[in-house]
Amino acid sequence: QGSIIPITISVNDGVGFLFSETKNIIIGNPNLLFSDDAENGMLNWNTDRWGLSPMSFEGNFSFSDSPQGEYVGNWGISEMVLNNPLDFSDVSDGFLQIAVKWAIEDGWDWAQILGSVDNQNWISLEGEYMSNGSGQGVQALDEFGYDGESDWVIDNIPLIQFSGYNEVYLKFKISSDEYVTDDGIYIDNINIFTYNNISPSLGDV
């Protein structure tokens, strides 16, 4: 068994609060449920315009919303959806780990990762490097996503809310308002790790 444990570090100078930062610490040895490093193409995904890019973290390719240019504009949306749902029926906790790089209009556009248990109602997942929605452009206040600009980082996204469900759907989504566009997002080394439930056993009595 194991889990992702959030560790919060707060700094106070004795006069007033300065800042607080939370990092997710992975405890235990997880099982690898799903892995895709983009080297075998788009076989695991349904998409309208996402594709492979030579701008990779490792290997020859990564996934990109706009391999040949800038991301979709003018209130556009582009998605890459996992073909087959994941089985979390015997999972007590889990997380998605990706290598990710992006250049997206800060505070207005963003790229998101969403999960669902029915392939209809989607919830915004939160990674360590994501921003809280600004309420401007396409960014909803109660959701999370990548915006601004970053070189390659490894992000861990908790999936504990899907524990016990036998079908878990996953998608990557980029959306924009009607103004500025940029290079978009690159995703590599998509891994989903899980911790299984352990059934208690009776010892000698």
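What is the volume of the second largest cavity? It comes to about 30 Å³, and the views below start there.

**View 1. The second largest cavity and its lining.** This is a predicted model, where local features need pLDDT of at least 70, side-chain atom pairs count only at pLDDT 80 or more, and totals for chains, interfaces and linings use all residues. Residues are numbered from 1 along each chain as its sequence is written, and side-chain values use heavy atoms, with hydrogens and water left out. Around this cavity sit Trp50, Ile98, Ala111, Gln112, Ile113, Tyr146, Phe172, Lys173, Ile185 and Ile187. Sorted by class, that makes 8 nonpolar, 1 polar and 1 charged residues. (Ala, Val, Leu, Ile, Met, Phe, Trp, Tyr, Cys and Pro count as nonpolar, Asp, Glu, Lys and Arg as charged, and the others, Gly among them, as polar.) Strands E9 (110-116), E14 (169-175) and E15 (184-196) each chip in at least two lining residues, and E9 gives the most, with 3. Strands here are DSSP runs of at least two residues, numbered from the N terminus.

**View 2. The largest cavity.** The model has 2 cavities of 30 Å³ or more, and the largest holds about 40 Å³ of space. A cavity is a set of points on a 1 Å grid over the protein atoms alone where a 1.4 Å probe fits but cannot get out; lining residues have an atom within 4 Å of a point. Volume is the space filled by probe spheres set on the points, which are joined across faces, edges and corners. Leu86, Phe88, Gly115, Leu125, Leu159, Phe162, Val168, Leu170 and Ile192 make up the lining: 8 nonpolar, 1 polar and no charged residues.

**View 3. The five-stranded sheet.** Five strands form an open sheet in the order E4-E7-E14-E9-E10, paired antiparallel. E4 (45-47) and E10 (123-124) are the edge strands, each pairing on one side only. Two strands count as paired if DSSP finds at least two bridges between them; E9 and E10 have 2. Leucine 114 has serine 124 of E10 as its bridge partner.

**View 4. Trp102 meets Tyr146.** There are 7 aromatic pairs in the structure (Phe, Tyr or six-membered Trp rings with centres within 6.5 Å; planes under 30 degrees apart are stacked, over 60 edge-to-face, the rest tilted). One of them, tryptophan 102 with tyrosine 146, is tilted, at 4.6 Å centre to centre and 40° between the planes. Tryptophan 102 lies in strand E8 (residues 91-104) and tyrosine 146 in the loop between E12 (144-145) and E13 (148-158), so the pair ties together parts 44 residues apart in sequence.

Conventions. 1 Å grid on protein atoms, 1.4 Å probe; cavity = no way out; pocket = protein on both sides within 12 Å on 5 of 7 lines; lining within 4 Å. Helix = DSSP H or I, 4+ residues; strand = E, 2+ residues; numbered from the N terminus.
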